[in-house]
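Visitor: Could you take me closely through one part of this model, the nonpolar core, and then set it within the chain as a whole? I would like a connected account rather than a list.

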Amino acid sequence: MAFRPQTTLLCWFSLLLALCLQVMPLPDAWLIWRPQWLGLMLVYWCIVSPQSVGVIHGFTFGLALDVLQGAPLGHNALVLSLTAFMGVLLYQRIRAYSLLQQAFLIIVVLGIAQLVDQWLRSIFGAGPVNLSFLLSAVIGGALWPWLYTLLQMLRRRLTA
């Protein structure tokens, strides 16, 4: 099933907006509160249309995030590819759950991605690791019902 042109435009716009939100400068104390916008958008589009959005999109936007953040090339690409893979792998299960159950599963998916991210950071010598990095996964899960509902409304309005 292919996207309609309006849905394709919404998909790309939402992913680019998430990329901008992900690299938006914030004070250091607020960085742990930033949700994984790009991960949330990738999981949403992998759930909605796993035939059109998948691991390749995660890798591409991860490379773009690497370049924009000045991270080692492939770091975010690996993390976002893993996130997209889990979204494609679990899309049928996630669709069957209520929004609250989906939010808990999103916390798990984003938490696993954050664990891999912290593991890669520790390999590159980023310093000590504490569990505060999982806060962004919890915030992403809390935002999931609103984000999912908003994007569903936009998609339906564009395809009507």
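Guide: The largest nonpolar core of this predicted model has 33 residues, and those with the most contacts inside it are Leu15, Leu38, Met41, Tyr44, Trp45 and Trp144. Helices α1, α2 (37-48), α3 (55-69), α4 (75-96), α5 (99-123) and α6 (135-159) each supply at least two residues of this core, and α2 gives the most to it, with 10 residues. Taking Leu15 as one of the residues named above, and leaving aside its neighbours within four places in sequence, one finds Leu15 in contact with Leu38, Met41, Leu42, Trp45 and Phe61.

Trp45 also appears among the contacts of Thr7, a residue that lies in helix α1 (residues 5-23) and that touches Trp45, Arg155 and Thr159 when residues up to four places away in sequence are not counted. Thr7 has a relative accessible area of 5%, and because this is under the 20% cut-off, Thr7 counts as buried.

As for the setting, the secondary structure of the protein chain comes to 6 helices and 0 strands, and 42% of its 160 residues count as buried. Among contacts between residues at least 6 apart in sequence, 69% join residues at least 24 apart. The C-alpha trace spans about 50 × 30 × 30 Å along its principal axes, while the radius of gyration of the chain is 15 Å, which agrees with the value near 15 Å for a compact globule with 160 residues. The accessible surface, finally, comes to about 8900 Å², of which 71% belongs to carbon and sulfur atoms.

Technical notes
Residues numbered from 1 in each chain as written. Predicted model: local features only at pLDDT ≥ 70, side-chain atom pairs only at ≥ 80, totals over all residues. Heavy atoms only, no water. Helix = DSSP H or I, 4+ residues; strand = E, 2+ residues; numbered from the N terminus. Buried < 20%, exposed > 50% of the residue type's maximum accessible area, 1.4 Å probe, protein only. Contact = heavy atoms within 4.5 Å. Core = buried A, V, L, I, M, F, W, Y, C linked by side-chain atoms within 4.5 Å. Rg over C-alpha atoms; globule rule 2.2 N^0.38 Å. Areas by Shrake-Rupley, 256 points an atom, 1.4 Å probe, with all protein chains shown as cover.
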